[in-house]
Amino acid sequence: MAYIFLTLDAIQSFASTRQFQSSEYDESRALFDILTGHTSQWNYRDLFFTKTLKGGYFYTSKPNLNKGIIFDFDTFDGFQNRSEDECITIFQKVLKYSIRYFEGLPLVTCERLVPDTNTTLVYPFPFVATKDVYKILIERNLGKFDRKGKQFLVVFGIAKDESYKKAQATNLNKAVSELQGVCLSIPPATNTNVTPIETISITELTDIDLSIDSTIGIEKWNYFLTKKQKEFINSNINGAERLEGAAGTGKTLTMILRCINTLKLKDKQNEEFHIAFITHTISTKEQILNIFKANCSDIDKYLDKDYSNISLSIITLQEWCIQYLGGSLSSNEYLDRDAMESKELQLLYIEQAYSHAISTDFKSYKSICSDKFISFIEKTSINNLFEMLQHEIAVTIKGRANENLDCYKQLPRLQYSIPCSKEGDLAFLFLIFQYYQKSLQETGQFDSDDIILTALGQLNTPIWRRRRNKEGYNALFIDETHMFNLNELSIFHFLNKENCKQNIIFAIDKSQALGDRGLNDTALSIAFELDADSIKDSHKLNTVFRSSPDIVNLAFNILSSGATLFTTFDNPLIDAKFNFTEQEEKKCIAPHYILKENDSEMISYAFYKAESIHQKHNIQRSKILLIASNEHLLTSIQRSANESNKPIEILKSRGDTSIVKQATRNGRFVLSLIDFVGGLEFDAVIIIGVDKGRVPASSESIDSFLFSNYTWHNKMYVAITRGKYIVYILGDKSRGESDILENAIQNGLLITSDN
């Protein structure tokens, strides 16, 4: 074919149908075959394709012959030698630009006008650090058609630089001359190859908000799922499986649907089967239970393992360990039943232990400590220091060294941890641990790592090995594996029955891995006691359902800069595919970065912007999230809200959907510390306090700065990807722009403005 022509009605149909947004759908793969000339056969509802001697035409039963777009293959080779994903991305970016052009709407961040010409540049792929990126060239005014009330766009080139062929009118003239004959000669009603429309209303499904807790049910979800999701959900459990994907790709929902499908299958086969679905916190457990109930009406009959041959246990790891330890651990002996809350209390004990060690012992230890370690202790910000100490005590001293000083001294150091080069450095850290442990002993309490490690010790015994075939599970599903540290990961392979111990299905996004800095494939294999090859065929979800393309590109840029800086930093968005339809993209606003004169002005502006979004875009207040970058700022925002009577609900634990529901009932905005927003999604997000010295936190110690910089790339990625349509980032002008955002600003992915 010399060209492919699309009438406006066909453009709108392609741009508004979810299955044509990502190559992970079969419909998009069929489109790819047409675009690349591998086939001329087409079969999709009321979208028709006709091939002539000169070219190909897409149109519907009601073709608009006055407006359209042509891909001129004599000069445009953008579909050749490219992957399915690249072709679909190019195709959709061009079509969505054409709709905006025909409707007189402004350009978006991936579009540019070439001065003094009629050419538009469309950048289909994310901007990274280099400016050497592909751009699609589109001619807006070629030939004489505009003078007759007709508008046709010509896609005539793809280039990395400014050297490209000029647009020609030859194929456009050919296409227009036979357009009417092609579209109207054969009545669409005679087309017998049209795919029958499912019993579920397409309009009904298209209008559904694909949020993680949607109540549409497993049957209707089948319409939206990608091919990879369907393969994962419908496969039998037979060994270890890893489900990877960036934020917003539907990992949790896909795991839940796999569980429901497995329960239904085992019920039909009348085969005894017990599943444990492990979550990190109680709040996420409640959220997941609600999703199960929303998508499986009879889930209650599976929720009691003692009275059902086919069961589902939704539980946190700490809850399971507490139940297993039974009478040996009373409720007043652990810091908190929730692992997240327990870790917050743990920080208070660490602060107390650290202060005691500094005031009574540090002076005498200085003589045996390294200069680098001393500098770290004296110059690191308190918040960074306590977080690093918490990780050191939990993972390294308790977990890897088993609370033994000699063993601790022999361990290799993890990356981005406290700098230690002399035995005196390790001895002082161990002293802080001893003071911390003494405080717990005096109050008669155990932290979450004590509970996990105690349970771990009792599981690796003859008693449990005999009991596990009766009390264990047939399969284990682990949500948000990246939230668990190495101690916690090491317990999972004991929970299944002996002949099912490899049946561990886990969802992970290592770019969110705040549970452990040493998390990698080797660590996972060792912790789960799996062969390296046993989880090599992982399932990777690339289609992002939650966030707009502009938001995904911003998150991609931040992760790219993180991967450049840190060897253990993953970027799961490298192969990201977009799933937003043209109607959804109309609701989107390019991410903005706004600096105000001081914190007070910044906080006031945050509430002004939130209210403006609520009114201007008709978004419920409860679907607007305000994120504070640190606890001090959170307190200031809360105080300002109280003084000015602003309607807010405050998240107090990670992923707490009950607070979001409460905000919906009361018509209030949601306010959260940045550490608590994981697992949630909102239409609009306002991140407050992102500037130099705060993100990442300033420090004169290079090691603590590396730690802080590493974690802040994680945190900003998580915070930004909570947003669906709108993201605003606010900072203090006197501090200056955050270094983390520098590259995104340079590449036009983050618009800087005053309001």
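The following paragraphs describe strands, helices, backbone geometry, aromatic pairs and the largest pocket of a predicted model.

Strand 22, which covers residues 723-732, has 10 of its 10 residues buried, so this strand is largely enclosed by the rest of the structure. Its pairing involves strand 17 (residues 592-596), which runs parallel to strand 22 over five bridges, and strand 21 (residues 682-688), which is likewise parallel to strand 22 and joined to it over six bridges. Within the pairing of strands 17 and 22, Tyr593 stands opposite Ile729, whereas in the pairing of strands 21 and 22 the bridge partner of Val685 is Val727.

Strand 8 (residues 151-159) is also mostly covered, with eight of its nine residues buried. Strand 4 (residues 67-72) pairs with strand 8 in the parallel sense over five bridges, and in this pairing Ile69 has Leu153 of strand 8 as its bridge partner. Strand 7 (residues 135-139), by contrast, runs antiparallel to strand 8 and is joined to it by five bridges, with Lys135 placed opposite Ala159 of strand 8.

Two helices were examined for their end-to-end length. Helix 9 comprises 19 residues (residues 251-269) and should span 27 Å at 1.5 Å a residue, which agrees with the 27 Å that separates its end C-alpha atoms. The residue that follows helix 9 is Asn270, whose phi is positive, near 55 degrees. For helix 10, which has 14 residues (residues 282-295), the span expected at 1.5 Å a residue is 20 Å, and the end C-alpha atoms are indeed 20 Å apart. The buried residues of helix 10 include the nonpolar side chains of Ile288, Leu289, Ile291 and Phe292, and Ser283, Thr284, Lys285, Gln287 and Asn295 are buried as well.

Several loops show backbone geometry that merits separate description. Most residues other than glycine have a negative phi, and most peptide bonds are trans. Asn402, which is not a glycine, has a positive phi of about 55 degrees and lies in the loop between helix 15 (382-400) and helix 16 (405-410); with a relative accessibility of 63%, Asn402 counts as exposed. Glu480 also has a positive phi, near 50 degrees, and is placed in the loop between strand 12 (475-478) and helix 20 (486-489), but at 11% relative accessibility Glu480 counts as buried, the cut-off for this class being under 20%. The peptide bond from Val695 to Pro696 is cis, with omega near 0 degrees, and Pro696 is found in the loop that connects strand 21 with helix 27 (702-720).

A search of the whole structure for aromatic pairs finds 33 of them. In one of these, the ring centres of Phe362 and Phe428 are 5.1 Å apart and the ring planes meet at 50 degrees, so the pair is classed as tilted. This pair links distant parts of the chain, as Phe362 belongs to helix 13 (residues 362-365) and Phe428 to helix 17 (residues 423-443), with their positions 66 residues apart in the numbering. Both partners are buried, Phe362 at 6% relative accessibility and Phe428 with a relative accessible area of 0%. Elsewhere, one aromatic cluster is formed by Phe14, Phe20, Trp42, Tyr44, Phe49, Phe58, Phe71, Phe73, Phe76, Phe79 and Phe91.

The largest pocket has a volume of about 1,500 Å³. Of the 50 residues that line this pocket, Leu347, Glu387, Glu631, Asp675 and Lys715 are the closest to its centre. Helix 12 (339-360), helix 15, helix 25 (631-643) and helix 27 each supply at least two residues of the lining, and the largest share, nine residues, comes from helix 15. By residue class, the lining of the largest pocket divides into 18 nonpolar, 18 polar and 14 charged residues.

Helix 12 also contains Gln352, which is partly exposed, with a relative accessible area of 48%. The C-alpha atom of Gln352 is separated by 8.4 Å from that of Tyr435, although the two residues are 83 residues apart along the chain.

Methods:
Residues numbered from 1 in each chain as written. Predicted model: local features only at pLDDT ≥ 70, side-chain atom pairs only at ≥ 80, totals over all residues. Heavy atoms only, no water. Helix = DSSP H or I, 4+ residues; strand = E, 2+ residues; numbered from the N terminus. Expected span 1.5 Å × (residues − 1). Buried < 20%, exposed > 50% of the residue type's maximum accessible area, 1.4 Å probe, protein only. Pairing = 2+ DSSP bridges. 1 Å grid on protein atoms, 1.4 Å probe; cavity = no way out; pocket = protein on both sides within 12 Å on 5 of 7 lines; lining within 4 Å. Points joined across faces, edges and corners; volume = space filled by probe spheres on them. Phe/Tyr/Trp six-rings, centres within 6.5 Å; stacked < 30°, edge-to-face > 60°.
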